Amino acid sequence: MRQIQAVAVLAIALASPALAQDAQKEAGRPFVIGGVSWVDQQAFIDHGGRCGTKQPDAETMAAIDREVAAYMQARGGVEASATGGTINVYVHVINNGSGLANGDVPDSQIQDQIDVLNAAYAPTGWQFSLVSTDRTTNATWYTMTPGTTVEKQAKRALHQGTADDLNIYTANIGGGLLGWATFPSDYNHAPRMEGVVVLFTSLPGGSAVPYDQGDTATHEVGHWMGLYHTFQGGCSKNNDLVADTPAERSAAFGCPTGRNTCTGSRYPGNDPITNFMDYTDDSCMFQFSAGQDARMDTQFTTYRFGK
């Protein structure tokens, strides 16, 4: 259903380029997320509000890929042993008191989020099963930001499971952010910091329009599975280290059909604006590529499977 809806949005945009351009720019219109007001949606994107995940530099990315390659070779060069399956999910609702206005999201909304994840990842063979939901009232944790002592306190107190279990934290996170995540390679040196954090209003049916259909979690789980942004590295040769995602100079937003920021024969294809690892609106994104699927499998096999 989500894919059908997304295709419909793209069809409308194709029929009306002006509409797509308006959705892309939103110039001069205040844009509010998590109680933080930006000049417009462009400013929100430029300041990294869409995703607060700390992106590794090129040297670190290369080192991770060498480690994965060595691990796979040590196994005889066989294919990834984890090519799909069911991932257990522990949801931690951090609130400022009772009621949705205080971030105490209902069980129904949490299940809707799990359903969105399952729909998004179904083509890759991965599924998610909600094991438990716990609720914590803590005004300090409620507005945590990435890399802080507060984040560390919350995660160390609440984290459950092992490397192949997913912890999702919902809160009214600070800085105007929608969410952030850790990468598979982070687990060995900081296992209790593992997981995905999302703004509670980004869950399906939330108020973080146009990021209110649950795909902030889809995007952040993509990082947790080992994926980078589609615009990682811009128009460089390796960009996101996935061969079948067209190069993209910068993050897209709105749903800018036909956008092409890396031109010339070296860069075939328009920007992958419908990919979950771009920054487009939830209604615009609906797919992972085959190469991203393969990368998730090798990353999970190396760093998570049975760990």
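Here is a walk through this predicted model, from the whole chain to one residue and then to a cavity.

First, some ground rules. Because the model is predicted, local features need pLDDT of at least 70 and side-chain atom pairs count only at pLDDT 80 or more, while totals for chains, interfaces and linings use all residues. Residues are numbered from 1 along each chain as its sequence is written, and side-chain values use heavy atoms, with hydrogens and water left out.

Let's start with the overall picture. The protein chain has nine helices and seven strands; these are DSSP runs, numbered from the N terminus, with helices being H or I of at least four residues and strands being E of at least two. Of its 307 residues, 52% are buried, where buried means under 20% relative accessible area, exposed means over 50%, and partly exposed lies in between (1.4 Å probe, protein chains only). Now take contacts, meaning heavy atoms within 4.5 Å: among those between residues at least 6 apart in sequence, 71% join residues at least 24 apart.

Next, zoom in on N88, which sits in strand β3 (residues 85-95). Is N88 buried or partly exposed? At 32% relative accessibility, N88 counts as partly exposed. Strand β3 runs parallel to strand β4 (residues 126-137), and 11 bridges join them; two strands pair if DSSP finds at least two bridges between them. Across in β4, the residue opposite N88 is S129. S129 also turns up among the contacts of N88, together with V131, D165 and L166, once neighbours within four places in sequence are set aside. As for Q127, it is 39 residues from N88 along the chain, and their C-alpha atoms are separated by 8.8 Å.

So how do you get from β3 to β4? Helix α5 (residues 107-121) joins these two strands in a right-handed β-α-β unit. Right-handed here means that, with the strands pointing away from the viewer, the path from the first strand over the helix to the second runs clockwise.Helix α5 comes up again at the cavity. On a 1 Å grid over the protein atoms alone, a cavity is a set of points where a 1.4 Å probe fits but cannot get out, and lining residues have an atom within 4 Å of a point. There is one cavity of 30 Å³ or more, and the largest cavity has a volume of about 50 Å³, that being the space filled by probe spheres set on the points, which are joined across faces, edges and corners. Its lining includes V91, I110, Q113, I114 and I168. The elements giving two or more residues to this lining are α5 and β5 (166-171), and α5 gives the most, with three.

Notes
1 Å grid on protein atoms, 1.4 Å probe; cavity = no way out; pocket = protein on both sides within 12 Å on 5 of 7 lines; lining within 4 Å.
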